[in-house]
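Got the viewer open? Here's a short walk through the model, stop by stop, with what to select and what you'll find there.

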Amino acid sequence: MTYYVYMLKTTKGKSYTYVGYTKNLSKRINLHNAGKGAKFTRGRQWRLIFKEKCRTKSEAISREYYIKHNKTLRNKIKNK
């Protein structure tokens, strides 16, 4: 089964990013924008700035953790 690791960026106001993983990327982004995603994402509008395919859930979780904890990589993706 395919999983995706993704990064979202706010479309208005102060610039925030969010990193997550999912099986269905478009559905997940729609949930974030509808205020039904993770608590941090509620009340903001988001756009996809990065996605990466992973073969397994554990690979996606590991990659998500790596991106979340690597500030240099997050900033590089954010500023593209």
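Start by selecting Ile-77. This is a predicted model, and in it Ile-77 has a relative accessibility of 6%, so it counts as buried, the cut-off being under 20%. The residue belongs to helix H3, which covers residues 71–78.

Now show what surrounds it. Leaving out residues up to four places away in sequence, Ile-77 touches Met-7, Ile-49 and Phe-50. For a sense of scale, add Val-5: Ile-77 and Val-5 sit 72 residues apart in sequence, while their C-alpha atoms are 13 Å apart in space.

Next, click on Phe-50. Which residues does Phe-50 touch, once those up to four places away in sequence are set aside? They are Val-5, Tyr-6, Met-7, Ile-67 and Ile-77.

Time to colour the whole group. Ile-77 and Phe-50 both belong to the largest nonpolar core, which has ten residues. To complete the selection, add Tyr-3, Val-5, Met-7, Val-19, Ile-49, Cys-54, Ala-60 and Ile-67. Switch to cartoon and look for strand E1 (3–10), strand E3 (46–54) and helix H2 (57–68): these are the elements that give two or more residues to this core.

Pick another colour for the next set. There's a second, separate core of six residues, and among them are Tyr-6, Tyr-18, Ile-29 and Trp-46. While you have Tyr-18 up, show Lys-68 too: Lys-68 lies over the face of the Tyr-18 ring, 5.9 Å from the ring centre.

On to the aromatics. The whole structure has four aromatic pairs. Select Tyr-16 and Phe-40 for one of them: the ring centres are 5.8 Å apart and the planes are at 85 degrees, so this pair is edge-to-face. Where do the two partners lie? Tyr-16 is in the loop between E1 and strand E2 (17–22), and Phe-40 is in the loop between helix H1 (25–33) and E3, so the pair ties together parts that are 24 residues apart in sequence.

Turn on the surface here. Tyr-16 is partly exposed, at 27% relative accessible area, and Phe-40 is partly exposed as well, at 38% relative accessibility.

Keep Phe-40 selected and add Trp-46. Their ring centres are 6.2 Å apart with the planes at 45 degrees, so this pair is tilted. Is Trp-46 buried or exposed? At 5% relative accessibility, Trp-46 counts as buried. Put the three together and you have one aromatic cluster: Tyr-16, Phe-40 and Trp-46.

Last stop: add Arg-44. Arg-44 lies over the face of Phe-40, at 4.7 Å from the ring centre.

Methods:
Residues numbered from 1 in each chain as written. Predicted model: local features only at pLDDT ≥ 70, side-chain atom pairs only at ≥ 80, totals over all residues. Heavy atoms only, no water. Core = buried A, V, L, I, M, F, W, Y, C linked by side-chain atoms within 4.5 Å. Buried < 20%, exposed > 50% of the residue type's maximum accessible area, 1.4 Å probe, protein only. Helix = DSSP H or I, 4+ residues; strand = E, 2+ residues; numbered from the N terminus. Contact = heavy atoms within 4.5 Å. Phe/Tyr/Trp six-rings, centres within 6.5 Å; stacked < 30°, edge-to-face > 60°. Lys NZ or Arg CZ within 6 Å of the ring centre and 35° of its normal.
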